[in-house]
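Good morning, everyone, and thank you for making the time. I would like to walk through one chain with you, beginning at a single residue and then widening the view.

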Amino acid sequence: LGGDAVAIHDQNPELAYHNPSLLNPGMHHHMALNYVNYFAGTNFGYATAATKAGSKGMLAGGIHYLYYGTFKGYDENGMATGKFRAADYSINIMYSRPLDSLFTCGFTVKSIYSDYEAYNATALAIDAGITYHNPQSKLTIGLVLRNLGFQVDKYYAAGSNEPLPFNIALGLSKSLEHAPLTFYIVINHLEKWDL
């Protein structure tokens, strides 16, 4: 679903990366590992595991990375400066708790680190979500606020604090009662009415 699975209720703990309120008891002791050998030496990976936290809560942790490969560097005169690598990393801790039999809230705390040759940046962010899931009607609605946070300590350029890619997403999924089909719709960037 292109990284926008904000309203899919399932037992896959990877869904909580997209909306932390999707973390549910069916994910207890589940783990997900993903690796994609993408174009031109780019690699993408994610690992996560979930467990129960107390009598009602759920806890999960994960690491997410995007490695862009090795590049040849040159200065402004076209002289080779050597090879360098570029990558982004994120460590996530997720928690969710049911509000009642239909609503669940959750949040993710994540540290983000970017390393592009001599340019590095560090950030802290929080994702917050709420999910309505009705198993009788097979309807799930999810709302998530992603990347509420700021850069800390290291910036790509000295004194140049850049905003994080904030996004408010709303999703709805509806499974059919007598067929193995689920309809899904998501609306992204609700914080920007004029796209």
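Let me begin with T48, which is found in strand β2, where helices (H or I, at least four residues) and strands (E, at least two) are DSSP runs numbered from the N terminus. Before going further, I should say that this is a predicted model, in which local features need pLDDT of at least 70 and side-chain atom pairs count only at pLDDT 80 or more, while totals for chains, interfaces and linings use all residues. Residues are numbered from 1 along each chain as its sequence is written, and side-chain values use heavy atoms, with hydrogens and water left out.

Is T48 buried or exposed? At 2% relative accessibility T48 counts as buried, since buried means under 20% relative accessible area, exposed means over 50%, and partly exposed lies in between, with a 1.4 Å probe and protein chains only. The side chain of T48 reaches the backbone oxygen of G61 at 2.8 Å. If we leave aside neighbours within four places in sequence, T48 is in contact with P13, E14, H30, M31, A32, A60, G61, G62 and M94, contact being heavy atoms within 4.5 Å.

Two further threonines are worth placing beside that one. T108 is found in strand β5 and is buried, with a relative accessible area of 2%. Beyond its neighbours within four places in sequence, T108 is in contact with A16, P20, N92, I93, M94, A125, I126 and D127.

T140 is found in strand β7, residues 139-152, and is buried as well, with a relative accessible area of 3%. Which side chain does T140 join through a polar contact? The partner is H133, at 2.8 Å, and by polar contact I mean a pair of N or O atoms within 3.5 Å, where, within protein, one must be able to donate a hydrogen and the other to accept it, and where residues adjacent in sequence count only if both atoms are side-chain atoms. H133 also appears among the contacts of T140 outside four places in sequence, together with A7, I8, H9, T131, Y132, G171, L172 and S173. T140 and A32, by comparison, are 108 residues apart in sequence and 22 Å apart in space, C-alpha to C-alpha.

For a contrast in exposure, consider D10, whose place is in the segment before α1. D10 is partly exposed, with a relative accessible area of 42%, and, leaving aside neighbours within four places in sequence, D10 is in contact with L15, N24 and M27.

Now to the interior. The largest nonpolar core has 12 residues in all, namely A5, I8, L15, A16, L22, L23, M27, Y46, A50, M58, A60 and M94, and such a core is a set of buried Ala, Val, Leu, Ile, Met, Phe, Trp, Tyr and Cys residues joined through side-chain atoms within 4.5 Å. To this core α1, β2 and β3 each supply at least two residues. The contacts of M58, outside four places in sequence, include L23, M27, A50 and M94.

Turning to the pockets, about 820 Å³ of space lies in the largest one. On a 1 Å grid over the protein atoms alone, a pocket is an open set of points where a 1.4 Å probe fits, with protein on both sides within 12 Å along at least five of seven lines, and lining residues have an atom within 4 Å of a point. Grid points are joined across faces, edges and corners, and a volume is the space filled by probe spheres set on the points.

The largest pocket is lined by 36 residues, of which Y17, H64, K110, N147 and P165 lie nearest its centre. About 320 Å³ of space lies in the second largest pocket, which is lined by 23 residues, with H9, N24, P25, P98 and T104 nearest its centre. β4 gives the most to the lining of that second pocket, with three residues.

Finally, the chain as a whole comes to one helix and nine strands, following the pattern α-β-β-β-β-β-β-β-β-β along the sequence. Its C-alpha trace spans about 65 × 40 × 35 Å along its principal axes, and buried residues make up 34% of the 195 residues.
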